[in-house]
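I opened the model to look up its pocket and the way its helices pack. These are my entries, in the order I made them.

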Amino acid sequence: MQPPQPALPAADRQRPRWGLRGYFVRYATGSVVATVCSQAAFLLLYGPLHASPTTATVLGWLAGAVPNYWLNRAWTWQRRGRPSVSREVMPYLAIVLTTLLLATIATNVADTVLAERVSDGVRIGLVSATFLAVYGFVFMLKFLLLDRLFRSPRSPSRAEPVAP
């Protein structure tokens, strides 16, 4: 006879289990919203406001990272309540800060390479495409990491006791 398994917390018992495909569709939808926010901020700063690639990348990243976190946590993976700093916030920050670093390096390299070779409009378009490409590159990896982060069961010490 197997020992009884600890019951999941009430919040986890009420959370729907959509399967990987359902989570992915919600993640992709939230990512589209975050990408629009991020790309719009980047284009506005880098183009008409003539911000440096680094400034535009950092602020564009911030414009997408905040809605992306809350959409993924609350809507995609149905997590409620106060997030755990060590189990949710810090791993999420590690993921998105790595992406920010990659995007910053890529946009600065693209800007430097294209600076004297193409017109301003073409340069803005190509550097913006580079910014977007970095996020496209890490899209699947980020989904797998976030799925593991947000869908993992809570620790047994926080689980409710099994009813007799």
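Entry 1, the pocket. I am working on a predicted model. I looked up the largest pocket and found 21 residues in its lining, with S31, T35, N68, Y135 and K142 nearest its centre. I noted its volume as about 320 Å³. Then I asked which elements give two or more residues to this lining. They are α2 (19–46), α3, α4 (85–114) and α5. I sorted the lining by class and got twelve nonpolar, eight polar and one charged residues.

Entry 2, on describing helix pairs. For two packed helices I record the angle between the axes and the distance between the axes. I did this for three pairs of helices that contribute to the pocket lining.

Entry 3, α3 with α5. Helix α3 covers residues 53–76 and helix α5 covers residues 120–151; their axes come within 13 Å and cross at roughly 30°. Angles under 35 degrees count as roughly parallel, so I put α3 and α5 down as roughly parallel to each other. The crossing in which α3 passes α5 is right-handed. I listed the contact residues: α3 supplies T57, G60, W61, N68, Y69, N72 and R73, while α5 supplies F131, Y135, K142, L146 and F150. By class I have six nonpolar, four polar and two charged residues in this contact. I marked N68, Y135 and K142 in this list, since I had already written them down among the residues nearest the pocket centre.

Entry 4, α3 with α4. Are these two helices roughly parallel or roughly antiparallel? Their axes come within 10 Å and cross at roughly 150°. An angle over 145 counts as roughly antiparallel, and α3 and α4 are therefore roughly antiparallel to each other. I recorded a right-handed crossing for α3 and α4. On the α3 side I found P53, T54, T57, V58, W61, A65, N68, Y69 and R73; on the α4 side I found E88, V89, Y92, V96, L97, L100, A103, T104, T107, N108 and D111. The contact of α3 with α4 divides into eleven nonpolar, six polar and three charged residues. N68 of α3 is listed here and also in the contact with α5.

Entry 5, α2 with α5. I read the axes of α2 and α5 as coming within 10 Å, with a crossing of roughly 150°. I therefore entered α2 and α5 as roughly antiparallel to each other. Their crossing is right-handed. Sorted by class, the contact of α2 with α5 has 16 nonpolar, five polar and four charged residues.

Key:
Residues are numbered from 1 along each chain as its sequence is written. This is a predicted model: local features need pLDDT of at least 70, side-chain atom pairs count only at pLDDT 80 or more; totals for chains, interfaces and linings use all residues. Side-chain values use heavy atoms; hydrogens and water are left out. Axes are lines fitted to C-alpha atoms, for helices over the stretch in contact, and angles run from 0 to 180 degrees between N-to-C directions. Angles under 35 degrees count as roughly parallel, over 145 as roughly antiparallel, 65 to 115 as roughly perpendicular and the rest as oblique. A crossing is left-handed if the near helix is turned anticlockwise from the far one by less than a right angle, and right-handed if clockwise. Contact means heavy atoms within 4.5 Å. Ala, Val, Leu, Ile, Met, Phe, Trp, Tyr, Cys and Pro count as nonpolar, Asp, Glu, Lys and Arg as charged, and the others, Gly among them, as polar. On a 1 Å grid over the protein atoms alone, a cavity is a set of points where a 1.4 Å probe fits but cannot get out, and a pocket is an open set with protein on both sides within 12 Å along at least five of seven lines; lining residues have an atom within 4 Å of a point. Grid points are joined across faces, edges and corners, and a volume is the space filled by probe spheres set on the points.
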